[in-house]
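Visitor: Hello! Could you choose a single part of this chain, take a close look at it with me, and then show me what lies around it?

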Amino acid sequence: MHPSILVSAPPLLLLPAPSRFSSGPFFACPSSSLGVSKISSPLAMRRRRTAVPPTVIRSPAAVGESSSTAAGEDQDENRVLPDLGTLLRRFWKVAAPYWSSEDKVQARLRLAAVFALTLGTTGISVGFNFLGRDFYNALANKDQEQFTKQLLYYLGGFAGGIPFFVLRDYARETLSLRWRSWMTGYYMKRYFRNQMFYKIQSQSIIDNPDQRIVDDLNSFTGTALSFSLTLFNAAVDLISFSNILYGIYPPLFVVLLVYSLGGTAISVFLGKDLVTLNFLQEKKEADFRYGLVRVRENAESIAFYAGEENEVQLLLERFRRAFENLSQLLISSRNLEFFTSGYRYLIQILPAAVVAPMYFLGKVEFGVINQSVSAFNHILGDFSIIVYQFQAISAFSAVIDRLGEFDDILDGSKSYIPEYGNTEKINIQFQDEKIPTFMGSNGSVPKAGCHKLLEIQNLTLQTPRSGNVLITDLSLDINDQDRLLVMGPSGSGKTSFLRALAGLWTTGTGNITFYMKDAGQVQTYISADTNSSKPINSLKKDEELESSENRRARCVFFLPQRPYMVLGTLRQQLLYPTWSEDIIFPSENSQKMADEYSKPKKPTVDDLIHVLEVVRLGDILSRFNGLDSIYEWSSVLSLGEQQRLAFARLLLSKPNLVLLDESTSALDDTNEVHLYRQIEAAGITYISIGHRKTLYNYHNKVLHISNFNSRNNTGRNWHLESINPTTAIEEANSAF
C-alpha cells in the first residue's frame, strides 16, 4: 500500500499561484516569500491618509460643506467606470515617463536584473518539479538509498535556490522605491507648476490630490512591478510546465484550460463592482481623515465655540459614509471569496483524480502523480491570474484611474478644468525695466529709464465661478517709492484685486505688467492657461518652466492677514519662501543645474537674529531655544507675532514690491507704525489693503473701491486720489 498523497492548504487569497518553490505538497513553501511576489489585497493597500479638503470629483459648483457633500455623494453614486482602453492608456501615461527619464539607464538595468532573477527562480522551480518526481518514486519504491540521495539534493537545492528568491524580491522593492522617489518629485513639480495646486483646491476639480501623490504613487509603483513580474513569470511558467503536463497526459491539459477559463469568467462576473467600490473607499477614508486633521488645525477655535458635539457628529457622518461603502466592499469580496475558495481547494484533487486511473493501470509511477499535481498547479496559477488576483486587480485599477485622472489635470486637460462662461483672461506680463519700450494693449509706451514697477491697464475683474464684476476698467501706475492704500466696504473686491495681481484670479480683461530687474526679456504668464497637452518629461524642463514665476516671486512679495507658517524650524520660517534647501533623490543627478537667475544672498545667522530684533521678536529665540527649534508655529505664536514674523521675511527678501492684505490687523498702533517705517526705510514699494484710518499716515495714494451695482451701472466703481500730510492727519484723528 502506497503512502497517501499529502495535500497542503491552498495559498492565501490574492497570491498568484501555489508555491513556485515546491515539487509537491509535502515541500510546499509560502509563495509570498519564495514564489512569485505577493500582491497586497485591497484592504491591506489602505494606508494612512492625510488629505486636503474633500472636494467634489469634477464638480465645479460645490463651495460650502453641505453643497460639497451633497454634490459629492451624487457624483460618487453616478461615477462611470472607465473602460479597459482608458485604463490601459492611463497606465501607460503614468508609468512611461520614468523609463525615459534621466534615470533611465539605472532603471532599465535594475529592471533587467529583476527579470533575470525571475527567470532564475522559474528554472529552479522546474528543477524542483523533477526532483519531486524522483523523490516520491524513491519513497513509493521504498528505496532508502535513492530516497537519501534525493533528500540531499533537495537540501542543496534549497540552499542554492533561496538566495535567488530573496535577491529577486529585494531588487524589485529597491527598484520600486527608486521609481516612486522619481515620480514623487515629478508629480510634485507639476502640482506646483503654474499654481495648479491652487486651482485644484479653489475650483474643486478633484478630491484629495495629496493622497494621490503619497499613497496612490506608492501603490502604483509597487503593484505595477509585482503585476509585471507575475505576468512575466506566468509566461515563462506556461512554456516550462506545459510540455511537462502535456507529456504526462494530454487530457489533463484540456481539463486545465476549461477549468481556468470558466473560473475567470465567473470571477469577473462576481467582482464587477469592486473597482468602483475601491475607488470610492479611497476617497471616503481620505475625507474622514481630513476631518480629523481640521480639528487638530482649528482646535482653539472649536474650543472657543464649544463645538465639540457638532464636530463629533460631523466626523461620525463622514465615518458612516466610509463604513457603509466598506460594508458593500466586504459583501462583494465575500461573494467572490465563496467562489475562489472552492476554486482553489478543488484543484488540489483534480489533477490527481484525472491521472489516478493511469496509475492504477500501471502506466505511470507514483511520482508522476506528484509531478502532475505540481505542474498543474503552476500552469493553473498562470491561467488563473484574474481569479487569484481579482480583488488586487480591482484595487490597482482604482489606483490607475485616480492617478490617470490626476495626471490629465496636471497636463491641463480641458475636460477637467471647469469653464464658467467667460473665457477671457487677464494678461499678466513681466518686463525687464531696462528695456526702453514695450507696446501695451492700449498703445501706451513706458519711457526709458522710468522707475515704474507696476502698470495696470483697463482691468475689469470678475469672480471665477459666477462671473460677477468686482472692478471695472481700472488703470493705474505704481512707481518706485509709491505707497498705495486700497480701501472699500467688505465684499467690494479689495483682496480679489491682490489675487489678480498675484495671478490667482484671471477672469476678466485687461493687462497687468510688472517691471522687474534682470528679467531678461518679456515673459508672458497667464496663470489660468493650463491647457497644454504636452506633459513635462523631465525635471529640468520643469525647472525651466518655473523660472519666470520664481523671478516674479522675488520681485513681488505678498503678506496675507494670517501668515502661512511652514512645517519646520524657526530658521526656515524666516527664509520662506525666498530660500530653501535643495532635496536630492537617489534617482536624480547629484549635480544640480545652475539657476537661470541669481538668488539674493542667503542671510547669515547674524542677519536672522538682527531682523527678529527689528520686528521686535528678539525674545522668541530664548523662548524656543534658538533658530533650529521645531514647533507647530501657527499654534505657539499669537497672530500678532505671526504677522511680525511675516514682516521679518519681507525685510530679509527685499522685494521691489509688496502686497499687504490687512497684514497689521492683529497689531497695536505702535507696532504697526514701527513696521511700516521699517519697510519704507528699506526702500520697498508697497500696496496695502486695510480699514483703519491710521493707515493714511503710511501711504501717499488711496484707491477707493465701491461695490459694483450691475443694475445701476454708471461705469467705474473706483477712484484714485493722492494723500497729503494734512489729509493723513485728519483721517488718523477721525479714527479716535
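Guide: With pleasure, and let's begin with a term: two strands are said to pair if DSSP finds at least two bridges between them. The elements themselves are DSSP runs, numbered from the N terminus: helices are H or I runs of at least four residues, and strands are E runs of at least two. Strands of a sheet pair through backbone hydrogen bonds, in either a parallel or an antiparallel way. Please keep in mind that this is a predicted model, where local features need pLDDT of at least 70 and side-chain atom pairs count only at pLDDT 80 or more, while totals for chains, interfaces and linings use all residues. Residues are numbered from 1 along each chain as its sequence is written, and side-chain values use heavy atoms, leaving out hydrogens and water.

The part I have chosen is an open sheet of six strands, in the order β7-β8-β9-β4-β10-β11, with mixed pairing. At its edges are β7 and β11 (718-722), each of which pairs on one side only. From one strand to the next, the twist averages 15 degrees. Now look inside the sheet: β4 and β9 (residues 685-689) pair in the parallel sense over four bridges. To find one of these spots, go to Leu485, whose bridge partner in β9 is Ser688.

A helix packs on this sheet, too: α21 touches β7 and β8, and its direction makes about 170 degrees with that of β7. For such angles, axes are lines fitted to C-alpha atoms (for helices over the stretch in contact), and the angles run from 0 to 180 degrees between N-to-C directions. Contact, or touching, means heavy atoms within 4.5 Å.

Several of these elements also share in a nonpolar core, which is a set of buried Ala, Val, Leu, Ile, Met, Phe, Trp, Tyr and Cys residues joined through side-chain atoms within 4.5 Å. Buried means under 20% relative accessible area, exposed means over 50%, and partly exposed is in between (1.4 Å probe, protein chains only). The largest nonpolar core has 41 residues, and Leu574 and Leu612 touch the most other members. Two or more residues each come from β4 (483-487), β7 (556-559), α17 (570-575), α18 (605-614), α19 (620-623), α21 (639-653), β8 (657-661) and α22 (669-681). The most come from α21, which gives seven. Leu612 makes a good place to pause: leaving aside residues up to four places away in sequence, Leu612 touches Leu570, Leu574, Leu617, Gly618, Ile620, Leu621, Leu627 and Leu645. Another core lies apart from this one, with 36 residues that include Phe128, Leu131, Phe253 and Phe366.

Two of the helices we just met, α17 and α18, are linked by a loop that holds Pro577. A cis peptide bond joins Tyr576 to Pro577, with omega of about -5 degrees. In general, most peptide bonds are trans, and most residues other than glycine have a negative phi.

Now let's step away from the sheet, to β2. Nine of the 11 residues of β2 (residues 452-462) are buried, so this strand is largely enclosed by the rest of the structure. β2 pairs in the antiparallel sense with β3 (residues 469-479), over seven bridges, and Leu461 stands opposite Ile471 in β3. These two strands form a hairpin with six residues between them, and Gly467 in the turn has a positive phi of about 75 degrees. β2 also pairs in the antiparallel sense with β5 (residues 508-516), over six bridges; there, Thr460 stands opposite Thr509.

Positive phi values turn up elsewhere in residues that are not glycine. Asn194, in the loop between α5 and α6 (196-202), has a positive phi of about 55 degrees. Asn208 sits in the loop between α6 and α7, with a positive phi near 45 degrees. At 0% relative accessibility, Asn208 counts as buried.

Finally, here is the whole chain in a few numbers. Its secondary structure comes to 23 helices and 11 strands. Of its 736 residues, 51% count as buried. Among contacts between residues at least 6 apart in sequence, 79% join residues at least 24 apart.
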